[in-house]
Amino acid sequence: MKPLILALPENGSFSKILATHLDAEIGIIELRKFPDGETYVRIDTELENRSVVLVATLAEPDDKILPLIFAAATARDLGATNVGFVVPYLAYMRQDRRFKAGEGVTSTYFAAILNRWIDWLVTVDPHLHRWTSLQEIYTMPSEVVHAAPLISSWIKENVSRPLLIGPDIESEQWVSHVAQEAGAPYLVLEKIRKGDRDVEVSIPDVDAWRDRTPVLVDDIISTARTMIETVGHLMQAELRSPICIGVHGIFAGDAYDNLLASGAERVVTCNTVPHSSNMIDVSGLLSDSIKQRGFGQD
Ligand code: R5P
């Protein structure tokens, strides 16, 4: 029997593309709030003995998590044989250690919640830094797909003479792959984060690169302070206006407008979080990985 996709709110378009790739059926799920703010869930598709795939990206996650858990619990209750989770952007990966005494290591607590309810998980470039693999905190079978080849193709098709730039050491894992596949040179800068919205970036001598178009690549653009700070340095060094590429464009508050106003020539993201900057479609990567792992097959 075909797997059944249940799209959480705001994930309908992505789920339709995924369903085509996977030859899956889309089920009917109703999720809304009661007047008192509690969550109502109803799945109006027969689930007995079926594999269910929940689809939800988790930018601004807190309001999405309880509906997700209730959807998974309801699916199990109604007889689903297994409940998988396609999560194009996996939240709660960055608090991966106790940076200050007393802080919660929320990446592990969040993983523990999902481990309880979900049977398998597929995601795009989670923020793996001090955790080096998802398996360190996720006990369910999980698969990570990488957007680097798609980003490289986009660069090859759209940018002449690119110079790839990673704003910090954590970005080297993405920028080095993208650069290799795009056949372009790359630099990795040094970043000091002083607060949620206070970031300092140092830039090396860039004289050799004046005839190139800088392309900043990072996994997440949240407040965009990291990118804005980097764009500022590149402009000061009188390099060309850079193109900014993020795998996950979260764009907290006015981040997108601020980034454009800082001098970025263009901002491009993958469609892991719906946004007008989405130019790179990752649905094929996710469905290939689901098929290869045999996830969602009865
Ligand atoms: C952090 O290490 C990530 O790789 C990104 O650089 C960071 O999340 C970007 O955050 P923001 O846009 O708030 O500077």
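## Two helices side by side

At what angle do helix α2 and helix α3 pack, and how far apart are their axes? In this predicted model, α2 (residues 62-77) and α3 (residues 106-117) meet at about 20 degrees, and their axes are 9 Å apart. Angles under 35 degrees count as roughly parallel, so that is how α2 sits relative to α3. The crossing of these two helices is left-handed.

Who does the touching? On the α2 side, the contact is made by Ile-65, Leu-68, Ile-69, Ala-72, Ala-73 and Arg-76, and α3 brings Phe-110, Ile-113, Leu-114 and Trp-117. Sorted by class, the contact of α2 with α3 has nine nonpolar residues, one charged residue and no polar ones. As a rule, residues three or four places apart on an α-helix point the same way, because each turn takes 3.6 residues.

## A sheet of six strands

Now for the strands. One open sheet has six of them, with parallel pairing, in the order β2-β1-β5-β6-β7-β8. At its edges you'll find β2 (25-26) and β8 (142-145), each pairing on one side only.

Take a look at the β8 end of this sheet. Strand β7 (residues 120-124) runs parallel to β8, and four bridges join the pair. If you want a spot to look for, Leu-121 has Ser-142 in β8 as its bridge partner.

## Another open sheet

There's also an open sheet of six strands ordered β10-β9-β13-β14-β15-β16, again with parallel pairing. β10 and β16 (278-280) each have a single partner strand, so one side of each is left without a neighbour in the sheet. Going from one strand to the next, the twist averages 30 degrees.

At the β16 edge, strand β15 (residues 266-270) pairs with β16 in the parallel sense over two bridges. Cys-270 has its bridge partner in β16, namely Ile-280. Helix α6 (residues 225-236) packs on the sheet too, where it touches β9, β13 and β14 (243-249). The direction of α6 makes about 165 degrees with that of β13.

## Inside the sheet: strand β9

Is β9 buried or exposed? Five of its five residues are buried, so β9 is largely enclosed by the rest of the structure. Both of its faces are covered: Pro-162, Leu-164 and Gly-166 are buried on one side, while Leu-163 and Ile-165 are buried on the other.

β9 has partners to follow as well. With β13, β9 pairs in the parallel sense over four bridges, and Pro-162 stands opposite Thr-213 in β13. With β10, which also runs parallel to β9, there are three bridges. Over there, Gly-166 has Val-188 of β10 as its bridge partner.

## The helix lying across it

Which strands does α5 lie across? They are β9, β10 and β13, and α5 runs at about 175 degrees to β10. Angles over 145 degrees count as roughly antiparallel, so α5 and β10 are roughly antiparallel in direction.

Helix α5 (residues 172-182) has a set of buried residues: Trp-174, Val-175, Ser-176, Val-178, Ala-179 and Ala-182. What covers them includes α4 (148-158), β9 (162-166), β10 (186-188) and β13 (213-221). Just after α5 comes Gly-183, which takes a positive phi of about 65 degrees.

How values were computed: Residues are numbered from 1 along each chain as its sequence is written. This is a predicted model: local features need pLDDT of at least 70, side-chain atom pairs count only at pLDDT 80 or more; totals for chains, interfaces and linings use all residues. Side-chain values use heavy atoms; hydrogens and water are left out. Two strands pair if DSSP finds at least two bridges between them. Buried means under 20% relative accessible area, exposed over 50%, partly exposed in between (1.4 Å probe, protein chains only). Contact means heavy atoms within 4.5 Å. Axes are lines fitted to C-alpha atoms, for helices over the stretch in contact, and angles run from 0 to 180 degrees between N-to-C directions. Angles under 35 degrees count as roughly parallel, over 145 as roughly antiparallel, 65 to 115 as roughly perpendicular and the rest as oblique. A crossing is left-handed if the near helix is turned anticlockwise from the far one by less than a right angle, and right-handed if clockwise. Ala, Val, Leu, Ile, Met, Phe, Trp, Tyr, Cys and Pro count as nonpolar, Asp, Glu, Lys and Arg as charged, and the others, Gly among them, as polar.
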